[in-house]
Amino acid sequence: MKKALKKIFQYAVLLVIAALLTGAAVWANQQSQLEVCKQVDVVILNSDASTFVTRAGIMKELETHNIYPDGKLIMSLDIDSIERVLARCDYLESAECYVSDINHLVVEVRQYVPVMRVYDRGDSTVYYVNHQGKRFAVDGRYHIDVPVVEGDFTGSFQPVRLLPLLRYVDSDASLKGLVSMYVVRDSNNVCFVPTICGHIVNMGRVEGWESKFKKLRLFYDNVMSKKGWDSYTEVSLKWDYMVVGTLRGKKTPYIAPYNPEEDEQAPPIESIGIDGLVRNSQEPPTKQ
């Protein structure tokens, strides 16, 4: 009899515990349904690359699509919709969202980082390009200080052709401080505007930039520093063995439209001030 009563008592205790646990679970579930999103934490996984995408920009994206989560019930948040909206953003490579244990919505994103801002005179468009050549439109919510590239890019020469040159300049602190913007006239006349005011530098084709920058440094040190930084309107690095400078006040020689099937000749000496950095005066200048 005692054993039976003991078993009944044990079963009763178990039933009470089960009832309490069930009640606690129901209560916790009801409470969780009343919890609100206290904050949105935006984590930019590659923020060390550049400060381009910001928390304010992400929040504006959510606001624009009417899925602003701050202050809303946790149970009402549509995480999948938030991720889909952010995935469609041109500036984001990836986006993942989850609710933390302190009721914060955590938004983890990986940004595309622009390396140039392009103004295409051909169709009057302005857009960014990243290091992989991805193109995306300029948006007032996002801004970054990157080199400006201007030209008519409706033909075969596209801004991505400049990416190796931009990487080289960016890797050299002195060159990075020298180049303010790039102007592409055509594929054989790629120019840049230096921070030293008064002239433009014509590099010719987008190749051999290491030797061209060496020639430019020599020209700056041995010629312009003595003659004056405003003595020339254009400095050309297009030809081997020499740097050609157009003297201020001289008539700029006619430059025929570039024809890749024809060899380009150096401009006539009488119309240009030529300061030679000639490596071998017996060899005629050739195009680089």
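**Exercise 1.** In this predicted model, determine how many bridges join strand 10 (residues 200-202) to strand 11, and in which direction the two strands run.

*Solution.* Three bridges join strand 10 to strand 11, and the strands run parallel. One opposed pair is Asn 202 and Ser 236, the latter in strand 11. Between the two strands the chain passes through helix 6, and this β-α-β crossover is left-handed.

**Exercise 2.** Find the strand that is joined to strand 11 by four bridges, and describe the pairing.

*Solution.* Strand 12 is joined to strand 11 by four bridges, in antiparallel orientation. Take the opposed residues next. Tyr 232 faces Leu 247 of strand 12, and Ser 236 faces Val 244 of strand 12. Then consider the connection: the hairpin has six residues between the strands, and Tyr 241 adopts a positive phi near 70° in it.

**Exercise 3.** Decide whether strand 11 and strand 12 are largely enclosed or open.

*Solution.* The criterion for a buried residue is a relative accessible area under 20%. In strand 11, four of the five residues are buried, so the strand is largely enclosed by the rest of the structure. For strand 12 (residues 243-247) the count is also four of five, so this strand too is largely enclosed.

**Exercise 4.** Compare the expected span of helix 6 with the separation of its end C-alpha atoms, then locate the kink.

*Solution.* Helix 6 has 19 residues, which at 1.5 Å a residue should span 27 Å. Its end C-alpha atoms are 25 Å apart, which agrees. The kink is about 40° and is centred on Tyr 220. After the helix comes Gly 228, with a positive phi near 115°.

**Exercise 5.** List the buried residues of helix 6 and relate their spacing to helix geometry.

*Solution.* The buried residues are Trp 209, Lys 212, Phe 213, Lys 215, Leu 216, Phe 219, Tyr 220, Val 223 and Met 224. An α-helix has 3.6 residues a turn, so residues three or four places apart point the same way.

**Exercise 6.** Identify which residues touch the most other members of the largest nonpolar core, and which element gives the largest share of this core.

*Solution.* The core has 33 residues, and those touching the most other members are Leu 162, Leu 165, Phe 192, Phe 213 and Leu 216. Among the elements that give two or more residues are strand 8 (179-186), helix 6 (209-227) and strand 11 (232-236). Helix 6 gives the largest share, seven residues. A separate core of 29 residues includes Met 59, Ile 74, Leu 77 and Cys 97.

Terms used
Residues numbered from 1 in each chain as written. Predicted model: local features only at pLDDT ≥ 70, side-chain atom pairs only at ≥ 80, totals over all residues. Heavy atoms only, no water. Core = buried A, V, L, I, M, F, W, Y, C linked by side-chain atoms within 4.5 Å. Buried < 20%, exposed > 50% of the residue type's maximum accessible area, 1.4 Å probe, protein only. Pairing = 2+ DSSP bridges. Expected span 1.5 Å × (residues − 1). Bend = angle between axes of the 7 residues up to and from the residue. Right-handed = clockwise from strand over helix to strand, strands pointing away.
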